[in-house]
Amino acid sequence: MWTFLNPLFLWGAAAALIPLVLHLLRQRRIVRMRFSSVRLLRLVQKKSSRRIRMENLLLWLLRTALLLVLALAFALPVWRSEAAGRWLGASHRDVAVVLDASYSMRYASGQRNVWEEAQAAAATVIEGLGKGDRVCLFLAGDDTTPVLAQPSGDLELAMTAIRGQQAGTGSSRIRPALLAALTALADSGYREREVHVFTDGQALPWQDFLQATNETPDRTALAGEDITFFVTLLGAPTPQNTAPIEVEMVPPLLRAGAPSRLLVRVAHRGPPRTGAVSLLINGREVSRAPAAFDEDRVTEATLPVPPLEPGAYAAEVRTPPDALETDDTLYLVLRPRARLEAVCIGSASDAFFLLKALNPAEDAPGAIQVRRIEPGAVTAAELRGAACVFCCNAVPLSGQAVLALEDYVRDGGVLALFPGDRAAPADYDMWSCLPAKPAAIRDVAAANRSRTIRLLKTDSPFFASLRLPPGTAPVVQMRRAIQWGPPAPEAVPLLASGADDVFLWQRSFGRGQTLFFGTTADRSWGSFPLSPMFVPILHQIVLTGAGLGREPLHVVLRDGLALRDLVPPELAEHLAWRGPDGQDVAPQLLREEDRTTWRFDELRAPGVYWAARGEERAPGFALNLDRREADVRPVAATELPKWTGLRRLHVAMDRDELLRKIEEHRRGRPMTEALLWLALVLATAEVILANRMGRKTALLTEQMPRLLSGRVRSRATA
Amino acid sequence: MAEGIAHFLNPQELQRFGRMALESRYVVEGSLSGRHRSPARGASTEFADHRAYMPGDDPKRLDWKVLGRTDRYYIRRYQDETNLRVYLAVDRSASMAYTSGTLSKYDYACRLAAAIGYVVVKARDSVGLYLYSSQIDAQTGAKNSFSHLNNTLRLLQRYTPGSTTDTASTLHRIADSVHRRALIVLFSDLLDDPPAIIKALAHFRKEHHDVILFHILDPAEIDLPFKQAAEFEDMETGEKILADPRALAEEYRKAFAAFLEEYRKPCVEMNIDYRLARTDEPVDLFARAYLEERRRLSR
């Protein structure tokens, strides 16, 4: 809607008629001239009349438009949006404030960090509201937190609420917060409605909008509202951040007394820089690796881990300090293990070769300790703490035993099954964790018994570091073999015997793995126990199983952390815990179907959490911030309208710009300057066109090569 | 008021033109002995060829040297030299009255014709006149006396431009009426149908006439320099068009250049001496430059 501060000048629009009047006057003053070559003139006019008419029309339009625009500009027009125009000065407004509460808001920017800037900007917006206006407040984190869920006329309360908030330790999602704000403003009636988002300009919180492109109802709900959105991007225009995002032990199992390495992946955003990545164990730096961080790339650094005694250690990986210090440290708990315990289920004769292969020297220190139990004695307690469980011709098992084994796998254990003559294919039906079930067991023809074992999946962690004795050929004699039924969707064949018979299946189940061999652990079905591969494969399974299924080095902060997923079984029901700040934290008991678990729901601080026993304490688990938030790549202000699909979206880069845009929105925008610019463009176009039409072209006399004697030469010869 | 040649040329100009001559580039058939080559063989010093002796031939024309060497009778033949007959054909159509300055195209043509005629008669050659528009309005035979030239120029002086034109057919008639080889000098603005006029010119060449074409134009016709929109009225047909000359100038010049080229190119191909004469140039300067160049090229 237009309003004019100086409407008298609108009469000046009549000046737009001047070009037309001049044209008509000129028509009346036309002279008559006798001319000799009218024939040629007519010919040329016929050819050029369309062009001349178009040029004249265009010139007339330009001149008329120029005069109109000048008249409008002097009338001092002000443009008001439809909403503002309708209710200008007559309506109260409801304002929803959405604060980005992700930890990237702690980015240090000058004297204050971005969060403090956002608080100040939000407070300024509220200060600018009048009596009768209302405010609601939402924090955009991983989940939306309604601080003032409904619009409140108590502006002081809103100011206090904003000042009382702190930046969170998680990531953020703007879209759910906007939807919550829209819901809160839905019942505003005829009030003007504004949503103000204060964020650091990071692209990550806006990704939801891109993913929701096809979710038409939600998108329409957001874009179709008659609400004005103000987004203030308060972060640095080109933010820089370096943060460790991922660690990996190499090899996966940290063994006591043995050196190992920690592979650290460091994400860097910003121009290239150099620095050092360091590893601290129990607060003391034990290793440091220099690194060059490329622009917007992930860099890998390897940190040596010195030999450690058995136990648990609080560790930290640190990157060089930067403007966002919150994510510079990654907390870990290292647990070097002295001995590995494996459980073998089966009779002494069935497990004979396996026991000898895993622990030939019986109780030698540092070796794998194998404990054999009879198939009828399988309980959850027997399996607890085992790095790996082998079943040697142990099927059929009781239902309780199968459930205990499947729970063991689900909780991160590795179960390796060797078939045998005790079980028929039907005896495997009750198992749900198997990669494939036998359909039949058949004798192998004498001609086909000699089989070469082939590795099908070379990148499997089970065989990544497998080394066969030099000079050995991976050949086994197979007298009986399993004919497999349809494999489970997650099943992966690891080894094959002969052309295409699967010799070893693998399947991920819960946090653990199930392996199923195609032959027995003794010599009844073949010569596998006597082959040179038998010992290295079994050792590899135990070592990898112990590393894979154990407690994680660290976990990401979130709600609902189950204690048994974080710590060794002996600590799974420990109830006295202290946070990184020394405060006590207590897990909650949760009952899920037939199981009870202890879990933490309110942990917010990153760091190492300790299991306390009186004055003693031991590292329990390490919590870290969501590392996706470390990617501080900024969103382009010009892209936000396209990403969000919001029609009435104003993007400001700082508080002053925001206030100016609010002013323009609420009181209208003067258009004089824009119109004067338009007039300048029109005048330039008019000058160019008029010059083009009236330009002097060379006279034919000047172009024609003619001698004084009248001889005219052709242009080519001239 | 002066009449005849004195009307068109002042004494200084006459003096300058007195030392000049108009050469024909081809053999011409004249009645008097003169400086121009004749198709007839006759008495002169320039050897032409031999022919066998026929009874009745004058024995003094026998080539005795050939007879002595070959015992055969041959007659020596010599190039005959004769006088030049020049016909001035002046266009008096209405368009020739156009002027953007002081001198109309017709006036310019008359002055140029007077200069050419004077040079011709001064060289003891004959000059005649065809004054035409849509028809032959006046004509005089070719004679080599100053009184004849004076009468001819009076005729030109008496007529004014002011009729429609049909140049092509008139030129055909002129070509038919000139029986012996001559030099035809044409003065016209040629604002007519170019292909037809070219055919008429070809007719002259077919009759073995030497042709000089003075294409007389006003500078305003060539450049269309007018600034103001105007209603242009054709001087011959009365057709009127409203036009903005500034907007049309560029296209007009292109069209006019093509129009000139329509005449220039065929003339070069037919060996017609095509000259563009502008009315803003002094007649005597132009005529002397032309005659000098023609004399140089005829050698």
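These are my notebook entries on a predicted model with chains A and B.

**Entry 1: the A/B interface**

I started where the two chains meet. On the chain B side I get 53 residues in contact, and on the chain A side 40. Together the two chains bury about 4,400 Å², with 59% of that on carbon and sulfur atoms.

Next I looked up the polar side of the interface. The rule gives 17 residue pairs in polar contact across it, both partners at pLDDT 80 or more. Which elements of chain B supply at least two residues each to the side that touches chain A? I noted helices H8 (219-223), H9 (245-269) and H10 (283-298), plus strands S8 (230-234), S9 (240-243) and S10 (273-278). H9(B) gives the largest share, 14 residues. By type, the side of chain B that touches chain A divides into 30 nonpolar, 21 charged and 2 polar residues.

I then checked the salt bridges between chain B and chain A and counted 4. One I looked at by name is Glu293(B) with Arg711(A), at 2.7 Å from N to O.

There is also strand pairing across the chains. Strand S2 of chain A (residues 31-35) runs parallel to S8(B), and 5 bridges join them. Within that pairing I found Arg34(A) opposite Glu233(B).

**Entry 2: salt bridges inside the chains**

Over all chains I have 46 salt bridges. I picked a few to follow up.

In chain A I took Glu490(A) with Arg507(A), whose closest N and O atoms are 3.0 Å apart. Glu490(A) is in the loop between strand S25 (480-484) and S26, while Arg507(A) is in strand S27, 17 residues away in sequence. Are the two partners buried or exposed? Glu490(A) is partly exposed at 39% relative accessible area, whereas Arg507(A) counts as buried at 11%.

In chain B I took Arg92(B) with Asp137(B), closest N and O atoms 2.6 Å apart. The pair links distant parts of the chain, 45 residues apart: Arg92(B) sits in the loop between strand S3 (85-91) and helix H4 (105-122), and Asp137(B) in strand S5 (residues 136-143). Both residues are buried.

My other pick in chain B was Asp189(B) with Lys105(B), at 2.8 Å from N to O. Asp189(B) is in the loop between strand S6 (183-188) and helix H7 (194-206) and Lys105(B) is in helix H4, so this salt bridge ties together parts 84 residues apart in sequence. I checked burial here too: Asp189(B) is buried with 1% relative accessible area, and Lys105(B) counts as buried at 0%.

I also found a network, built from salt bridges that share partners. It joins Arg711(A) with Asp210(B), Asp273(B), Arg275(B), Glu293(B) and Arg294(B). The Glu293(B)–Arg711(A) salt bridge from my first entry has both its residues in this network.

**Entry 3: what surrounds Arg92(B)**

I went back to Arg92(B), in the loop between S3 and H4 of chain B. Why does Arg92(B) count as buried? Its relative accessibility is 11%, and the cut-off for buried is under 20%.

So what is Arg92(B) in contact with, leaving aside neighbours within four places in sequence? I listed Tyr106(B), then Leu131(B), Tyr132(B) and Ser133(B), then its salt-bridge partner Asp137(B), and finally Tyr159(B), Thr160(B), Pro161(B), Gly162(B) and Ser163(B).

**Entry 4: strand S16 of chain A**

Here I wanted to know how enclosed S16(A) (residues 313-318) is. Of its 6 residues, 5 are buried, so the rest of the structure largely encloses the strand.

I looked up its strand partners as well. Strand S13 of chain A (residues 273-281) runs antiparallel to S16(A), with 4 bridges between them. One bridge there pairs Ser278(A) with Arg318(A). S16(A) is also antiparallel to strand S17 of chain A (residues 329-334), joined by 6 bridges. In that pairing, Ala314(A) stands opposite Val333(A).

**Entry 5: a loop residue, Asp500(A)**

Last, I looked at Asp500(A), in the loop between strands S26 (492-497) and S27 (501-509) of chain A. Is Asp500(A) buried or exposed? I get a relative accessible area of 63%, so Asp500(A) is exposed. I also noted the spacing to Arg454(A): 9.5 Å from C-alpha to C-alpha, with the two positions 46 residues apart in sequence numbering.

Key:
Residues numbered from 1 in each chain as written. Chains lettered and ligands numbered in written order. Predicted model: local features only at pLDDT ≥ 70, side-chain atom pairs only at ≥ 80, totals over all residues. Heavy atoms only, no water. Contact = heavy atoms within 4.5 Å. Buried area = accessible area lost by both parts, 1.4 Å probe. Salt bridge = Lys/Arg side-chain N within 4 Å of Asp/Glu carboxyl O. Polar contact = N/O pair within 3.5 Å; in protein donor to acceptor, adjacent residues only side chain to side chain. Nonpolar A, V, L, I, M, F, W, Y, C, P; charged D, E, K, R; others polar. Pairing = 2+ DSSP bridges. Buried < 20%, exposed > 50% of the residue type's maximum accessible area, 1.4 Å probe, protein only.
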